[in-house]
Amino acid sequence: MDKVAIVILNWNGRKMMEQYLPSVIAHSQGATIYVADNASTDDSLEWLHIYNNKVKTILLDQNYGFADGYNRALKQVEAEYYVLLNSDVEVTPHWLEPLIDYMDTHSDVAACQPKLLSFVDKTKFEYAGAAGGFIDRFGYPFCRGRLFDTIEADNGQYDQVTPVLWATGACFLIRSKDFWDVRGLDSRFFAHNEEIDLCWRLRILGRKIVYIPDSQVFHLGGGTLPKGNSRKTFLNFRNNLTMLFKCLPDEELHYVMRWRWFLDYLAAWQTLILNRNLGDFKAIYQARRAYKKWKKDFQADRERIQQHRVAVPERKHFSLVWQYYVRGKHKFSELP
């Protein structure tokens, strides 16, 4: 069994691998590197075999998306720790050591993430995870260093090890035992919100998620579905609602979901009227219909998750929409 297995999910990503894989190979001593291929139709695997035949490959027979792609790949990997790493991430020297050292000495921690900075502007945090993730009362994800579309510069303000609710799917390390104890990522999500769902389920069981700033990586972001893509909007809304249905405590479920009905349709009309984005408008309506249609399929998941829950302080009980758009709070440090 490996101590650490780095698993990069690939789908038609030759250009990404050409640019970012060399840093992973150069700076990940002691880890076994896997590329799990979601039935790519480009020449990425041919390039990989020529470039470095020591990187192990896992071949999947179709594009299973992020969630089920990783589940299927990780079933073929034996390691104490998995690192789920996007193909558009540049790592830095010694990036793994702080993550592994912390996990080795804190058995109550299930997963951790590094400081996630932007590859485009390395002085700033990156949208997908920044300095660790939280959610507000109504299920809106945010990070230390990123609230909605406001991204902070990294001035050392988040340089402390900190418990968080979720670690970014762009780059996080997780104990294989914890991953499988909660049945891995929810494969029905396909992509988006699946890492938040996974981490929230672990937190409900009392397992901790932590941000480790001594490890730094740089993320390009938007490599598969860029921001503004209506498919991405659909997946984000549908999966976020489904995650709330699974994970919210009984006493909050109906209250929160009533508010989300209002907030989602408000977001749909705002994107149509102010942004003139018909695609996203339709996607939000379609996401709500899809959630309503498949909600019954998650009832058993909800009942199982609710059986052994503990308090999760990293889920904040204010409204991020109110704080950001009404009160003008655009930095994490300004929030209640």
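## Notebook: strands, salt bridges and a surface patch

**Entry 1, the sheet.** I began with S4 and found five bridges joining S4 to strand S12 (residues 171-175), the two running antiparallel. For pairing I asked that DSSP find at least two bridges between two strands. My helices (H or I, at least four residues) and strands (E, at least two) are DSSP runs, numbered from the N terminus. A note on the source: this is a predicted model, so local features need pLDDT of at least 70 and side-chain atom pairs count only at pLDDT 80 or more, while totals for chains, interfaces and linings use all residues. Residues are numbered from 1 along each chain as its sequence is written, and side-chain values use heavy atoms, with hydrogens and water left out.

Across the S4 and S12 pairing, I saw Val83 standing opposite Leu173 in S12. I then turned to strand S1 (residues 2-10), which is joined to S4 by six bridges and runs parallel to S4. There, Ile8 has Leu85 of S4 as its bridge partner.

Why is strand S4 largely enclosed by the rest of the structure? Six of the seven residues of S4 (residues 79-85) are buried, so the strand is largely enclosed. I call a residue buried under 20% relative accessible area, exposed over 50%, and partly exposed in between (1.4 Å probe, protein chains only).

**Entry 2, helix H6.** Next I looked up how covered H6 is: eleven of its eleven residues are buried. Charged names turn up in that buried list, including Glu194, Glu195, Asp197, Arg201 and Arg203. Just after H6, I noted that Gly206 takes a positive phi of about 95 degrees.

**Entry 3, salt bridges.** How many salt bridges are there? I count 24, taking as a salt bridge a side-chain nitrogen of Lys or Arg within 4 Å of a carboxyl oxygen of Asp or Glu.

I picked three to look at. Lys246 forms a salt bridge with Asp186, with the closest N and O atoms 2.8 Å apart. Lys246 sits in helix H7 (residues 230-247) and Asp186 in the loop between helix H5 (176-181) and helix H6 (194-204), so this pair ties together parts 60 residues apart in sequence. Both ends are buried: Lys246 has a relative accessible area of 1%, and Asp186 has 6%.

Arg188 and Asp301 also meet through their side chains, at 3.1 Å from N to O. With Arg188 in the loop between H5 and H6 and Asp301 in helix H10 (residues 299-306), the pair ties together parts 113 residues apart in sequence. Is Arg188 buried or partly exposed? Arg188 counts as partly exposed at 31% relative accessibility, whereas Asp301 is buried at 12%.

I was pleased to find these two pairs in one network of salt bridges, which links Asp186, Arg188, Asp197, Arg201, Lys246, Asp301 and Arg304.

My third pick was Arg137 with Glu252, where the closest N and O atoms are 3.5 Å apart. This pair links distant parts of the chain, 115 residues apart: Arg137 is in the loop between strand S7 (133-135) and strand S8 (141-143), and Glu252 is in helix H8. Arg137 is partly exposed at 25% relative accessibility, and Glu252 is buried at 11%.

**Entry 4, the surface of H8.** Which residues form a nonpolar patch on the surface? I listed Tyr255, Trp259, Trp261, Phe262 and Leu266, with about 530 Å² of accessible area together. Patch members have over 30% relative accessible area and no salt bridge; like charges are joined within 9 Å, nonpolar side chains (Val, Leu, Ile, Met, Phe, Trp, Tyr) within 5 Å. Accessible areas are from the Shrake-Rupley method with a 1.4 Å probe, and for residues only the protein chains shown count as cover. Trp259 lies in helix H8 (residues 250-273) and is partly exposed at 37% relative accessible area.

**Entry 5, near the end of the chain.** I found Phe332 in the segment after helix H11 (320-326). Neighbours within four places in sequence aside, Phe332 contacts several residues, among them Phe134, Phe142, Leu147 and Tyr158; contact means heavy atoms within 4.5 Å.

**Entry 6, the whole chain.** I closed with totals: the protein chain has eleven helices and 13 strands, and 57% of its 336 residues count as buried. A compact globule of 336 residues would have a radius of gyration near 20 Å, and the chain agrees with 19 Å. That radius is taken over C-alpha atoms, and the globule rule is 2.2 Å times the number of residues to the power 0.38.
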